[in-house]
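The following exercises ask you to read a protein model carefully, one step at a time. Try each task before you turn to its solution.

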Amino acid sequence: MSSYHFLVTVVFVFGTIIGSFLNVCIVRLPKGESLVWPPPHCPHCKTPFPFYDNMSLRGHASGYLP
Ligand SMILES: [Zn+2]
């Protein structure tokens, strides 16, 4: 793998992590909710997400995250 591909991969991974955190801020802060508690959950039925659906793109693929 060239250094260019490595850099693109690192930027992509950190981009999804930062984007996921910003999504939490956008959803929770206007409601006055905490960023850390309660842990990630379904906004409709309050069911907590399994840990593997908290990964940025995997959660979207499963349909859990908005
Ligand atoms: Zn639900």
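**Exercise 1: the helix α1**

Helix α1 is made of 26 residues and spans 38 Å between its first and last C-alpha atoms, which is close to the 38 Å expected at 1.5 Å a residue. The model used throughout is a predicted one.

Task: Work out how many of the 26 residues of α1 are buried, and place Val27 on the scale from buried to exposed.

Solution. Begin with the protein as a whole, whose secondary structure consists of two helices and zero strands, and in which 2% of the 66 residues count as buried. Turn next to α1, where the number of buried residues is zero, so this helix lies largely in the open. Val27 belongs to α1, which covers residues 3–28. Because a residue needs 20 or more other C-beta atoms within 10 Å to be buried and is exposed at 12 or fewer, Val27, with 14 such atoms within 10 Å, is partly exposed.

**Exercise 2: the loop between α1 and α2**

Task: Find which peptide bond is cis, and say which sign the phi of Lys46 has.

Solution. The cis peptide bond runs from Trp37 to Pro38, with omega near 0°, and Pro38 sits in the loop between α1 and α2, the latter being residues 56–62. Lys46 is also placed in the loop between α1 and α2; its phi is positive, at about 65°, although Lys46 is not a glycine. Lys46 counts as exposed, because 8 C-beta neighbours lie inside 10 Å.

**Exercise 3: distances along the chain and in space**

Task: Compare separation in sequence with separation in space for Val27 and Pro43, then for Phe49 and Pro39.

Solution. Val27 and Pro43 lie 16 residues apart in sequence, while their C-alpha atoms are 9.8 Å apart in space. Phe49 and Pro39 are ten residues apart along the chain, with 8.3 Å between their C-alpha atoms. To finish, locate Phe49 in the loop between α1 and α2, and note that Phe49 is partly exposed because it has 16 C-beta neighbours inside 10 Å.

How values were computed: Residues numbered from 1 in each chain as written. Predicted model: local features only at pLDDT ≥ 70, side-chain atom pairs only at ≥ 80, totals over all residues. Helix = DSSP H or I, 4+ residues; strand = E, 2+ residues; numbered from the N terminus. Expected span 1.5 Å × (residues − 1).
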